[in-house]
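Please open the structure in a viewer and keep the sequence panel visible. The tour below proceeds by selection, one stop at a time.

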Amino acid sequence: MTVQTIDFVDVISDAITRRITIRIDYPPGVRLVEPHCLGESKEGNLLLRAFQTEGASASGEHINWKLFRLDRADSVELTGDHFDGPRPEYNPDDKAMKGRIISRL
């Protein structure tokens, strides 16, 4: 992992623990998300499973579950706004996280 993605781990883990939304700059633009699970793929890529509530979307689905590969993110920051907790559709045993789970709701 690069220094940047290591910083992302700290910010996202804190956001998950404290249930704070994050702003992520991820192609094609900035998104607001509720982070639910941070982990690694079997290839070792750092992944974030989150529910996007607003912002850019390559798929055209601006409000939906998203999986972000964090080496593709330009920035991640806490917004200071809290969310209630896990969304009803949340699966804490995310199949995308075949490497390890770092933090989850």
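The tour begins at Tyr 90, in a model that is predicted. With a relative accessibility of 12%, Tyr 90 counts as buried, because the limit for that class is under 20% relative accessible area.

Next, add Trp 65 to the selection. Trp 65 and Tyr 90 form a stacked aromatic pair, with 6.2 Å from centre to centre and 20° between the planes. This pair links distant parts of the chain: Trp 65 belongs to strand S4, whereas Tyr 90 is in the loop between S5 and S6, and 25 residues separate the two. Is Trp 65 buried or exposed? It falls between these classes: Trp 65 is partly exposed, at a relative accessible area of 21%.

Now include Phe 51. Phe 51, Trp 65 and Tyr 90 are linked by ring pairs into a cluster.

How many aromatic pairs does the structure hold? There are 3. To see another, select Tyr 26 together with Phe 68. The ring centres of Tyr 26 and Phe 68 are 4.9 Å apart and the ring planes stand at 80°, so this pair is edge-to-face. Tyr 26 is part of strand S1 (residues 20-26) and Phe 68 is part of strand S4 (residues 64-69), so the pair ties together parts that lie 42 residues apart in sequence. Both rings belong to buried residues: the relative accessible area of Tyr 26 is 10%, and Phe 68 has a relative accessibility of 1%.

Return to the loop between S5 and S6 and select Asn 91. Asn 91 is partly exposed, its relative accessible area being 39%. Display its side chain together with the backbone of Asp 93: the side chain of Asn 91 reaches the backbone nitrogen of Asp 93 at 2.9 Å. Then draw a C-alpha to C-alpha distance from Asn 91 to Arg 104; these residues are 10.0 Å apart in space and 13 residues apart in sequence.

The last stop is Asp 94, in the loop between strand S5 (75-82) and strand S6 (101-104). Asp 94 has a relative accessible area of 8% and is buried. Which residue does the side chain of Asp 94 contact? Select Arg 49 and show both side chains: they make a polar contact at 2.6 Å.

For a closing view, keep Asp 94 and Arg 49 displayed with their polar contact, and show again the cluster of Phe 51, Trp 65 and Tyr 90.

Methods
Residues numbered from 1 in each chain as written. Predicted model: local features only at pLDDT ≥ 70, side-chain atom pairs only at ≥ 80, totals over all residues. Heavy atoms only, no water. Helix = DSSP H or I, 4+ residues; strand = E, 2+ residues; numbered from the N terminus. Buried < 20%, exposed > 50% of the residue type's maximum accessible area, 1.4 Å probe, protein only. Polar contact = N/O pair within 3.5 Å; in protein donor to acceptor, adjacent residues only side chain to side chain. Phe/Tyr/Trp six-rings, centres within 6.5 Å; stacked < 30°, edge-to-face > 60°.
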